[in-house]
Amino acid sequence: MLAVLPALLLLLLLGSRSACGVFQKLYCSFSDSCECDFKPGIRDLEWDLYKNVFGQHLAQNLVAEEVSRFLLNKSPDRPLVLSFHGSSGTGKTLVSTMLGNHLYGSAMSSPFVHQFVPTLHFPSAERVPQYQEELKSWVKGNLTACARSVFIFDEMEKMPAGLIDVLEPFLGPSHVVFRTNYRKAIYVFISTAGQEAIHRLVLENRLAGRDRDEIKPSDLQDVVQQSVYSNKTSGLYLSSIVQQNLITRFVPFLPLTRTHVERCVRAQLCQRGSCNRDDVVEAVGGDMTYDPAEGHYFSTTGCKAVAAKISFFL
């Protein structure tokens with residue numbers, strides 16, 4: 001390390017943007033304190049979650065608690081790994097975007113927030129060995145550039161089997177891996193896998209006359225984990241990441257009722273300057289499809305189709 005210092009000092013004296021970039025990469029490769037453009041706003045994240053995510057008390061609490069605990073720990077022994085599960089339109093992608101916004105201020109436009117979509121980045125199941133090497137190299141390179149990198153893996157149910165296990169060395173409790181500090185990174189997996197188990201418990205809870213907010217994380221944690229682990233299309237089927245308990249939290253997103261959908265409608269109307277259009281709120285809520293057949297309790301698409309329907313009824 002001492003031999004590197006003269007070169008680093010020279011780079012600093014040069015003061016050029018390129019020199020600073022090289023310095024940052026070298027510094028981050030052996031430093032525990034490389035923060036990049038990391039400017040976390042924990043309280044702002046909590047407020048955003050509670051104000052703009054509807055019907056998801058479990059996700060709101062779990063994400064707020066785990067992110068806060070992780071960021072307040074100056075020397076975590078492993079990265080934060082969150083796995084979001086639930087049906088379409090329940091807020092999984094929205095919450096992952098909020099994380100990016102409140103950690104770096106710009107979500108997907110930040111060079112330190114990386115999103116992977118299987119159909120785009122890993123389209124062929126026959127090329128898994130190649131993808132594993134590419135993903136390993138990509139993660140390693142970005143952790144070298146910034147120890148606070150955020151990696152978001154969307155649509156995990158479309159991930160080729162076995163591919164994600166290449167991340168196992170990056171997620172464990174060791175101090176460094178591949179000569180790179182990695183313990184301050186955040187990983188988010190997003191998937192519809194486990195939605196049947198979540199729906200079943202929420203429906204049983206409703207039919208028993210219990211309030212939805214009475215559902216606790218412990219009611220679903222093991223159920224979702226087992227469902228995902230045994231699902232051949234979950235992206236985490238028989239995964240060593242699950243076997244080794246490297247996922248910090250499985251975060252369930254509950255199916256949304258008409259009340260929740262109408263709150264989504266109201267929020268989006270307010271963004272368009274039309275908060276008082278009760279007629280549109282009623283029309284969109286009534287035009288959604290709900291299941292099961294007996295009861296029509298939950299929106300089959302969550303809030304996903306709300307924007308298009310608002311445009312139709314305005």
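Me: Two strands pair if DSSP finds at least two bridges between them. With that in hand, what makes β3 (residues 150-153) and β6 a pair?

Reply: DSSP gives 4 bridges between β3 and β6, and the bar is at least two, so they pair. The two strands run parallel, and Val150 sits opposite Ile186 of β6. Bear in mind that this is a predicted model, where local features need pLDDT of at least 70, side-chain atom pairs count only at pLDDT 80 or more, and totals for chains, interfaces and linings take in all residues. Numbering starts from 1 along each chain as its sequence is written, and side-chain values use heavy atoms, leaving out hydrogens and water.

Me: Which strands does β1 pair with?

Reply: β1 goes with β6 in the parallel sense, over 6 bridges. Another 5 bridges, also parallel, join β1 to β7 (residues 249-253). Against β6, Leu82 has Val188 as bridge partner and Val81 has Tyr187, while on the β7 side His85 stands opposite Pro252. As for the labels, strands are DSSP runs of E with at least two residues, helices are runs of H or I with at least four, and numbering goes from the N terminus.

Me: Why is β1 called largely enclosed?

Reply: Buried means under 20% relative accessible area (exposed is over 50%, partly exposed is in between, using a 1.4 Å probe and protein chains only). In β1 (residues 80-86), 7 of the 7 residues are buried, so the rest of the structure largely encloses the strand. Leu80, Leu82, Phe84 and Gly86 point one way, Val81, Ser83 and His85 the other way, and all are buried.

Me: And how do you know that β6 is enclosed too?

Reply: With 6 of its 6 residues buried, β6 is likewise largely enclosed by its surroundings in the structure. Ile186, Val188 and Ile190 on one side and Tyr187, Phe189 and Ser191 on the other are all buried, so both faces are covered.

Me: What makes Leu236 buried rather than exposed, given that it lies in a loop?

Reply: Its relative accessible area is 1%, and the cut-off is under 20%, so Leu236 counts as buried. The loop runs between α10 (217-229) and α11 (240-243). Contact means heavy atoms within 4.5 Å; beyond its neighbours within four places in sequence, Leu236 is in contact with Ser83, Met156, Ile164, Val228, Tyr229, Val242 and Ile247. Ser83 belongs to β1.

Me: Where does Leu236 meet empty space, and why is that space called a cavity?

Reply: Leu236 is among the residues lining the largest cavity, along with others including Ala161, Asp165, Lys232 and Tyr237. On a 1 Å grid over the protein atoms alone, a cavity is a set of points where a 1.4 Å probe fits but cannot get out, a pocket is an open set with protein on both sides within 12 Å along at least five of seven lines, and lining residues have an atom within 4 Å of a point. The structure holds 1 cavity of 30 Å³ or more, and the largest has about 60 Å³ of space.

Me: How big is the largest pocket, and which elements line it?

Reply: The largest pocket has a volume of about 660 Å³, where volume is the space filled by probe spheres set on grid points joined across faces, edges and corners. Of its 25 lining residues, Gly89, Thr90, Gly91, Lys92 and Leu94 are the closest to the centre. The elements giving two or more residues to the lining are α5 (92-104), β6 (186-191) and α12 (258-271).

Me: How do you know that α5 has the span expected of a helix?

Reply: The expected span is 1.5 Å times one less than the number of residues. For the 13 residues of α5 that comes to 18 Å, and the end C-alpha atoms are 19 Å apart, which agrees. Just after α5, Gly105 takes a positive phi of about 85 degrees.

Me: Last one: why is Asn142 called buried?

Reply: Asn142 has 13% relative accessibility, and under 20% is buried, so the label fits. Asn142 is in helix α7 (residues 128-145). Not counting residues up to four places away in sequence, Asn142 touches Pro111, His114, Ser149 and Phe151.
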